[in-house]
Structures are given as structure tokens and as C-alpha cells.
Amino acid sequence: MPLAFSHTLTEQLGGLMKEGFMLTDMFEDCDGGGLFDQYMNSYVAVRAVRLDGTAGRDQQGAEFQQGCRIK
């Protein structure tokens with residue numbers, strides 16, 4: 001049986017909001033045939049906008065401003 005890991009919604013969404021992002025949209029979906037599809041959606045996508053307009057950083061430390069990488 002494969003091992004899967006996922007962050008909780010509290011970690012993901014709460015982390016975005018703590019970093020100054022406002023959640024503006026959300027979408028749930030299933031994988032179209034998985035075992036759990038009849039009970040729950042397996043995937044969540046969110047749209048978040050940074051409220052203060054300051055730059056953020058990706059996991060490698062590259063700076064971003066309004067969704068674009070700053071070179």
C-alpha cells in the first residue's frame with residue numbers, strides 16, 4: 001500500500017492567511033473514480049491575494065511580487 005502525505009487544511013489555509021493573504025475563491029474536485037469519490041472530494045484549490053502588496057518568497061527563496069518572479 002503506498003504511503004501518502006498531505007498538510008491539513010488548517011496548515012495550508014491558515015498559513016496563507018497568517019502570511020497576509022486573503023482567500024478569494026475555492027474549488028473542490030474528485031479524481032473521477034477513486035474509492036472515496038462517493039463520500040468526499042479529494043482535491044482543493046484556492047485563490048489567494050496578498051493584501052499588503054509586498055513581495056513574498058517561494059520555497060527556494062526567490063522573491064515574488066504580485067505573482068511574478070522578481071529577477
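M26 is partly exposed, with a relative accessible area of 45%; the class covers values between buried (under 20%) and exposed (over 50%), computed with a 1.4 Å probe on protein chains only. M26 sits in strand β1. Strands here are DSSP runs of E with at least two residues, helices are runs of H or I with at least four, and both are numbered from the N terminus.

The model is predicted, so local features need pLDDT of at least 70 and side-chain atom pairs count only at pLDDT 80 or more, while totals for chains, interfaces and linings use all residues. Residues are numbered from 1 along each chain as its sequence is written, and side-chain values use heavy atoms, with hydrogens and water left out.

The protein has one helix and five strands, in the order α-β-β-β-β-β from the N terminus. Confidence is given as pLDDT, the predictor's score for each residue from 0 to 100. The average for the protein is 78, and 66% of the residues score at least 70. Among the elements, β1 has the highest mean, 92, and strand β5 (residues 68–69) the lowest, 49. Where pLDDT is low, the predicted coordinates should not be read in detail.

Of the 71 residues in the protein, 7% are buried. The protein exposes about 6400 Å², and carbon and sulfur atoms supply 56% of that area. Accessible areas come from the Shrake-Rupley method with a 1.4 Å probe, and for residues only the protein chains shown count as cover.

Part of this surface is a nonpolar patch. L9, M17, L23, M26, V44 and V46 form the patch, with about 490 Å² of accessible area together. A patch takes residues with over 30% relative accessible area and no salt bridge; nonpolar side chains (Val, Leu, Ile, Met, Phe, Trp, Tyr) are joined within 5 Å, and like charges within 9 Å. Helix α1 (9–18) and strands β1 (21–29) and β2 (43–50) each supply at least two of the patch residues.

V44, in strand β2, is a patch member that is partly exposed at 38% relative accessibility. Beyond residues up to four places away in sequence, V44 touches L9, M26, F27 and E28, a contact being heavy atoms within 4.5 Å. The C-alpha atoms of V44 and E28 are 4.5 Å apart, although 16 residues separate the two in sequence.

D25, also in strand β1, is exposed at 51% relative accessible area. Outside its neighbours within four places in sequence, D25 is in contact with A45, V46 and R47. From D25 to V46 the C-alpha distance is 5.7 Å, across 21 residues of sequence.

The loop between β1 and β2 holds C30, which is partly exposed at 29% relative accessibility. C30 touches D37, N41, S42 and Y43, again not counting residues up to four places away in sequence. The C-alpha atoms of C30 and N41 are 4.7 Å apart, and the two residues are eleven apart along the chain. Over the protein, 31% of the contacts between residues at least 6 apart in sequence join residues at least 24 apart.

Side chains of opposite charge can pair when their charged atoms come close. The whole structure has one salt bridge, defined as a side-chain nitrogen of Lys or Arg within 4 Å of a carboxyl oxygen of Asp or Glu. D52 and R50 form this bridge, with their closest N and O atoms 3.3 Å apart. R50 is partly exposed, at 21% relative accessible area.
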